[in-house]
Amino acid sequence: LLVCKDLGKHLLEVEDLLQKHGLLEADISAQTERVQALNAAALKFSELEGYQPCDPQIICNRVNHVQTCLEELEELAAKRRKELEDSRQLWTFFQEMEEAEAWIREKEKILAAKSCGRDLSSVLTLTTKHKTMLGELGNRRALLHQTMKKGEKILAKKTFSSVGIQEKMRQVCLRWKKLEEITGLHQQRLEDALNFFQFSAETDDLVAWLQDTYRIVSSDDFGHDDYSTEVLLRKHRAVVEEVEKHRASVLALRKQLALLAPDHRQEVDIQIRVVEVEQLYGEVAEVAVLRTQWLQDALAVYRMFSEVHACEVWVDEKEQWLEKMVVPEELDEVEVVQHRFESLDQEMNSVMGRILDVNQVVQQLVDGGHPSSDEVRSCQDHLNSRWNRVVELVENKKVQLSSVLKIQNFLLEC
């Protein structure tokens with residue numbers, strides 16, 4: 001058994017042989033104690049004084065022979081154990097290499113079957129799974145490195161043929177290198193897909209924002225008075241600021257598209273999408289400018305109407321007073337009325353300035369092609385007509401006052 005050349009053909013067989021060898025070593029150990037006891041007893045006979053049943057030299061030779069045989073047996077057992085343990089190391093190495101190859105094959109199948117996702121959510125999920133696999137790859141790399149060291153130690157001992165060991169190490173190293181290349185390529189594809197779907201999502205968000213903004217800036221609500229129009233104009237200016245802030249995002253689309261992987265950036269749909277965003281932004285910006293002008297024109301109209309109303313209230317009041325006023329004939333009463341007309345002249349100068357401002361605003365609106373030009377012009381004409389009527393009444397009353405004053409002065413002189 002101790003000189004048997006069977007060192008096992010796989011790890012389980014070697015483990016079985018080691019177990020049997022352990023039993024044999026235990027038996028040798030037990031026999032060693034027995035032999036040593038017998039040798040000790042035999043040597044006592046060689047030391048007897050007087051009668052000796054056997055030649056002491058024969059006893060000593062016999063004891064030495066048995067001891068030598070026992071030592072040779074122990075040496076053979078130790079040698080056999082070392083050979084079996086070396087064999088176990090060898091088959092442990094091959095088993096670990098087989099496990100590594102099986103793991104590599106499994107990951108190759110997974111990577112070959114993996115897609116890169118159909119949307120942003122699926123790509124993010126696959127990216128998370130890929131990161132987990134990268135962690136497993138790192139752990140397996142460390143284990144493979146340890147196994148390779150075991151193979152190098154076995155080769156250094158030169159106990160077994162190096163051909164099978166070196167070939168196995170070469171094969172596994174090549175497959176491992178290929179796996180890392182596949183893993184790197186798949187990671188790059190995931191990153192490319194992630195960039196593409198993020199770009200698509202950002203583009204979709206930008207389109208949605210532009211569509212909402214277009215509905216806002218194309219509104220036909222311009223308010224119903226100066227206050228409501230001012231509120232709308234403030235809100236619109238805030239929208240215009242947001243539109244301007246998004247200009248950089250729209251201009252950056254081309255650069256972002258150029259950074260995508262070739263198979264993604266060359267897709268016709270995504271190129272059309274970018275053009276649509278640029279066109280939609282241009283429309284939004286253009287309509288926003290128009291709405292700013294329309295709101296400003298509406299505000300100018302409402303302010304003009306408000307100013308016209310204030311002027312007409314004053315005109316109504318003065319017109320009624322002038323029509324009802326009777327020029328007195330007494331000198332002292334004439335002087336009182338004359339003082340009133342002096343105050344009226346100051347008021348008229350102030351109102352005249354306001355009416356001139358109204359006329360200037362109306363002219364600007366008409367020249368600018370305001371849609372309410374006819375209504376504005378009609379309002380202007382009505383106010384100017386009323387104003388001319390008041391001016392005419394004032395002039396008539398002043399003429400009457402002047403006539404009365406001349407008469408009174410003539411009478412006084414007489």
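Here are legends for a set of close-up views of this predicted model.

**View 1. The whole protein is built from helices, with no strands.**
Let's start with the overview before zooming in. The protein has 11 helices and 0 strands, so reading along the sequence gives the pattern α-α-α-α-α-α-α-α-α-α-α. Of its 414 residues, 34% count as buried. How confident is the predictor? The mean pLDDT is 84, and 89% of the residues reach 70 or more. Among the elements, helix H1 (residues 11-45) has the lowest mean pLDDT, at 73, while helix H5 (residues 226-245) has the highest, at 94.

**View 2. Four glutamates make a negative patch on the surface.**
Which residues form this negative surface patch? They are Glu71, Glu72, Glu74 and Glu75. Take Glu74 as your landmark: you'll find Glu74 in helix H2, which covers residues 56-113. Glu74 has a relative accessible area of 35%, so this residue counts as partly exposed.

**View 3. Glu85 and Arg81 pair up within helix H2.**
Side chains of opposite charge can pair when their charged atoms come close. Here, the side chains of Glu85 and Arg81 meet in a salt bridge, with 3.3 Å from N to O. How far apart are the two along helix H2? They are 4 residues apart, which means about one helical turn separates them. Both partners are partly exposed: Glu85 has a relative accessible area of 31%, and Arg81 has 25%. If you go hunting for other pairs like this, the count for the model comes to 25 salt bridges.

**View 4. A salt bridge joins Glu230 to Arg303.**
In this pair, the closest N and O atoms are 2.6 Å apart. Glu230 sits in helix H5 and Arg303 in helix H9 (residues 268-324), so the salt bridge ties together parts that are 73 residues apart in sequence. Glu230 is partly exposed at 25% relative accessibility. Arg303 is partly exposed too, at 44%.

**View 5. Arg389 and Glu319 belong to a network of salt bridges.**
First, look at the pair itself: Arg389 forms a salt bridge with Glu319, and their closest N and O atoms are 3.8 Å apart. This pair links distant parts of the chain, with Arg389 in helix H11 (residues 373-413) and Glu319 in helix H9, 70 residues apart. Is Glu319 buried or exposed? Glu319 is buried, because its relative accessible area is 14% and the cut-off for buried is under 20%. Arg389, at 32% relative accessibility, counts as partly exposed. Now widen the view a little: Asp316, Glu319, Glu323, Arg386 and Arg389 are linked in a network of salt bridges.

**View 6. Gly117 and Leu190 are 73 residues apart along the chain, with 8.2 Å between their C-alpha atoms.**
Where does Gly117 lie? Gly117 is in the loop between H2 and H3. With a relative accessible area of 22%, Gly117 is partly exposed.

**View 7. Glu152 and Gln166 are 8.8 Å apart in space, C-alpha to C-alpha.**
Along the sequence, this pair is 14 residues apart. Glu152 belongs to helix H3, which spans residues 120-157. Glu152 counts as partly exposed, with a relative accessibility of 48%.

Definitions and conventions. Residues numbered from 1 in each chain as written. Predicted model: local features only at pLDDT ≥ 70, side-chain atom pairs only at ≥ 80, totals over all residues. Heavy atoms only, no water. Patch = residues over 30% accessible without salt bridge, like charges linked within 9 Å, V, L, I, M, F, W, Y side chains within 5 Å. Areas by Shrake-Rupley, 256 points an atom, 1.4 Å probe, with all protein chains shown as cover. Lys, Arg positive; Asp, Glu negative; His and termini not counted. Charge placed at Lys NZ, Arg CZ, Asp CG, Glu CD. Buried < 20%, exposed > 50% of the residue type's maximum accessible area, 1.4 Å probe, protein only. pLDDT = per-residue confidence, 0-100.
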